[in-house]
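I opened the notebook to record what I looked up in this structure. The entries follow the order in which I went through it.

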Amino acid sequence: MPLFTPAVFSALAAALLIHFICIKKGIIFNFSTERTTTSRTKKYILDASEEQQIRHYRELYFKLQNLEDYPEILSLAREELVKLLCESFSSEKPLETGTSILDIETYNRQELETFVSARNEDILRQYQYYVERRASGHGPELFSTRYGAEQWLNRNAPLKFVDGAWLGHIHRITTPFALRGVTKMAWQVLSEELGDGDLEKNHVHIYRNLLRDIGSNIPDGDSIDFIDSHTGMDDISTWKAAVTQLLVSLFPNEFLPEILGFNLHFEQLTLETLKATRELPLFGISAYYFLLHISIDNADSGHTAMALGAISSYMSLVKGTEGEPASLEIWKRIQAGYILSRSVNSSDQLRTEPGRNSPSTEHAAKVLSIFQLKARASKEIHCTSKVRIGQQTLQEWLSPDSMDAEPLAMNILDSLANATPWVRRNNSNGSLLIRELSWGGKMFGAFTDTEVKHVRNWIDSLNPAASTSWQSLHRHWHRQSFPSPADQDPALHHPAFPPPEPSLEAFESTVHAFVPRPPLQKSNIHPSDIISLWFSPACLLENTISTPFKTSTLLSSHIVCLLRAEYGFMPEPSGVAGMDEQLRGTSYYPSLVDLGIEIARRYHLPEPKCLKDTLGGEHGTSTHAQKFAYSMLRWAMQPVRNAGLLLGLSRASLDFETWVTGPGELLDTRATNALRRITDRKVACFELCLQELIHDECQYREFLKGYGLGRAELEEALKESC
C-alpha cells in the first residue's frame, strides 16, 4: 500500500493550510502530545422541561427528514422557524462595537467583506491564545481522553448528519427565474457539501465513516431509531442547531434572504473546528472531516467567498428591480439569517482576549443577578400587575421557576430589551423602566442607586439598530401563514402537498430490461407547446437531495451529477471548483431553464417569469402536457417512495431534450451545442444510475414504468399539438 494515499495527501495539504494561515498571523505551533487523565466529557442530566424540549427537537428532526410521510408538519415547521428567527434577532447582543452584523446599517459589499475578515481575525486570535495555552503546558480543551473524544463525536452526530441541509431546498424549479442566478450560487455550496457527485467527498459520508472507525454504532440519521438512540446524543443545543438547519431552507421562496445570511455565517471558520483538528489526532482519531471544512470554507475561493458572492448578486438584483427601500428590508432579513446561525451555534462565542467578557455581557450578567434577588424578595407583590413584557405577565417572569434557571431568566432580559417604551435601546434616559425606578416612579427605592446605574449601563450598552429592525421583521414574518393543502399550488409553492395523484398501478411496463426507445419523431409542434413540455421535468429529481443523510449513497451521488448538468454547472472537477464557477468568464454553460427561456425569446413568445407562466390551470382548459406537468410536480414531492419512477420519467425527458437538439432550429447553434453537452453528460449519469437501480428489483421496475409512461405522454403531447 502506498505511503501517501490521496486522502493522506489531502489531509497534509489542509494541515499545511492551517499552518500557513497561523504563521501569517504570528501564531507559533507547539505540537505537544501531552495528555491529561481526567475526562472533561460533560454528563448531561436533563430536567423535565429539558426532556420535553429535546423530545420536541428530536421529533422535528425525524419528520423534517421524512417530509413526504409527515406533510402535516409544514405549518408547525414554519411557526418554529419564525420563532427561532424572532428569538435570535431580538436577543442579539453585540460583544462590542463592530462585532455585530447589525452595525452594517445598509448593505455595502466592502463593509461586509471587512466584517467577515475581522471575524476570521478574531477566530485566529482565539486560536493563537489556545496554542499559547497548549504550549505553556495546558492539555486539550475539547476533550482529554479518547473516550471523551468519541463521546464528543457521537454527541455532534445530529448536526453533522444534516451537513448542508440549510441549503437543501433552494434552487427549485418553483424559484422565480430572475432569482435562479442567485440560488445557483448558493446551490453550488450544497453540491460541494454533497461531494459534487463523488460519494467519497460527501461530507455526511465522511462523518459516518469517522464514526464507524471509532466503533460507534449510531443508527442511520434519518431513522426513527436515531432519535430514540441513547448513545450520548443528549445535548439540547446540538439538536436545536440541527433542526434549525433543516428548517431554514424549507420555504425557499419565502425565506431566501434569511437562507443567504445563514449560509454566510455557517460557512465561516470556527474555533471549535480548529481545535478539533489538533486534538483528535492526539487520541488516534482522524481529523480529516474537520480539516476539510477549514480548507473548503475559506474566504478567498471557498464557501465563505461563494456566500458573499451570492449575497452581493442578490442585493444588486433587488436594488435594481425593487429599489432602495426594498433593498433595506432585504438586507435586514439577511442579517437576521446570519444572526440565527450565530445564535444556534454555541461554539461561535468570540472574545477579544482570554477571560475578557464584552461590556454588554458584563452589564447583562449584573442586571440579571439584581433581578433574581429582587424577584425572591418581592414574591407575590406583582401578582395583580397587568404589565406584560413580551408574551408573559410580569408575575410570570418573576416566578421562581423562571428566575432561578439562568437560561430562562435570560429570556426576560431579551424580551425587556425589545419592550418599548420600557426600554429604549442605547437610551436609558428615554426608557420608562428608569423613570419608574427614579424619584416619582412606582418602583423608586426598590433598587439602590448603584443597582439603577447597572440597569442604566445595560440599557445604554444595547445595540439601537436591533429594535427598529426587530419591529419590521416581526411584522413581515407574521404577515402570512403556510397555505393549507387545498391552497398549495405545486407550480408556485415549495414544498407543496396538494391532494395526492391517482395511483399508477394500472400502468405497468411490459419490458423487463431498459432499452432506450427510438428517437422521438419530428412534428410540426408549435414552440409554445414546447415551452409547456420543457420546464416542468426539472422538478423530477431536485427533491431527492434535500436531506443530506439520504444523499450518502452512490445512487444519490449520480443524481447530484445529473442535476449539475441540468443546472448549467461545468463538468465535475477532480478537485473543488469553488469560486472558479462564479468567475468562469466567457464559458457558456446554460441551464435547461436558461435554454427554455431562450426558445421563448427566439420565437417572440411571452418570456416566462416562473414555472406557473409555462403552465395553464391544473383543471379545465389545461392541455394534456400541462396536466401531466402537474402530475410530475406531485410525484416529485415524494422522492423516496417514487425514486425509481422519477428517474424513469427523467430519462424520458432526456429523450425530449435530445429531440430539441435535432434539425428544426429551435435554438441557435451555440445553444444547441450547449444542450448537446448537457444531454451527453446526462446519458452517462443515467448509465451509472441504472448500475445501482438494477440491484433493487422494485425500484428498477418503477424506473421502467416511469420511462414508459414518460415516453407515452411525450408522444401523446407531440401528437396533440400537431
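Entry 1, helix α13. I began with α13, residues 288-296, in what is a predicted model. Seven of the nine residues of α13 are buried, so I noted the helix as largely enclosed by the rest of the structure. The buried ones I listed are Tyr289, Phe290, Leu291, Leu292, His293, Ile294 and Ile296.

Entry 2, helix α5. I looked up what packs against α13 and came to α5, whose buried residues pack against α13 as well as α6 (157-160), α8 (203-213), α10 (236-248) and α12 (271-279). Helix α5 covers residues 146-155 and is mostly covered, with eight of its ten residues buried. Charged and polar side chains turn up in that buried set: I wrote down Glu150, Gln151, Asn154 and Arg155. The others in the set are Gly148, Ala149, Trp152 and Leu153.

Entry 3, helix α11. For α11, residues 256-266, I found eleven of the eleven residues buried, so this helix too is largely enclosed by the rest of the structure. Among the buried residues are Pro257, Glu258, Asn263 and His265, along with Leu256, Ile259, Leu260 and Phe262.

Entry 4, Arg333. I then checked an arginine that touches α11 residues. Arg333 lies in helix α15. Is Arg333 buried or exposed? Its relative accessibility is 6%, and the cut-off for buried is under 20%, so Arg333 counts as buried. Leaving out residues up to four places away in sequence, I get contacts from Arg333 to Glu254, Phe255, Pro257, Glu258, Leu473 and His476.

Entry 5, α3 against α15. I stayed with α15 (residues 324-344) and looked at its crossing with α3 (residues 74-90). The two axes come within 9 Å and cross at roughly 90°. That makes α3 roughly perpendicular to α15. On the α3 side I noted Leu81, Leu84, Leu85, Ser88 and Phe89, which meet Lys332, Ala336, Ile339, Leu340 and Ser343 in α15.

Entry 6, cysteines. How many disulfides does the structure hold? I found zero. I looked up two cysteines to see why. For Cys561 the closest cysteine sulfur is in Cys685, at 4.9 Å, which is too far for a bond. For Cys689 the closest cysteine sulfur is also in Cys685, at 6.7 Å, again too far for a bond. The cut-off I applied is 2.5 Å between sulfur atoms. Cys561 is buried at a relative accessible area of 12%, and Cys689 is buried at 1%.

Entry 7, Thr553. I located Thr553 in the loop between α23 (527-534) and α24 (554-567). Thr553 has 35% relative accessibility and counts as partly exposed. Its side chain makes a polar contact of 3.1 Å with the side chain of Ser556. I also checked Thr553 against Gly197: they are 356 residues apart in sequence, with a C-alpha to C-alpha distance of 9.9 Å.

Entry 8, whole chain. I closed with the totals. The chain has 29 helices and two strands. It has 722 residues, of which 56% count as buried. Of the contacts with a separation of 6 or more, 77% are between residues 24 or more positions apart. The accessible surface comes to about 31600 Å², and carbon and sulfur atoms hold 54% of that surface.

Note on methods. Residues are numbered from 1 along each chain as its sequence is written. This is a predicted model: local features need pLDDT of at least 70, side-chain atom pairs count only at pLDDT 80 or more; totals for chains, interfaces and linings use all residues. Side-chain values use heavy atoms; hydrogens and water are left out. Buried means under 20% relative accessible area, exposed over 50%, partly exposed in between (1.4 Å probe, protein chains only). Contact means heavy atoms within 4.5 Å. Accessible areas come from the Shrake-Rupley method with a 1.4 Å probe; for residues, only the protein chains shown count as cover. A polar contact is a pair of N or O atoms within 3.5 Å; within protein, one must be able to donate a hydrogen and the other to accept it, and residues adjacent in sequence count only if both atoms are side-chain atoms. Axes are lines fitted to C-alpha atoms, for helices over the stretch in contact, and angles run from 0 to 180 degrees between N-to-C directions. Angles under 35 degrees count as roughly parallel, over 145 as roughly antiparallel, 65 to 115 as roughly perpendicular and the rest as oblique.
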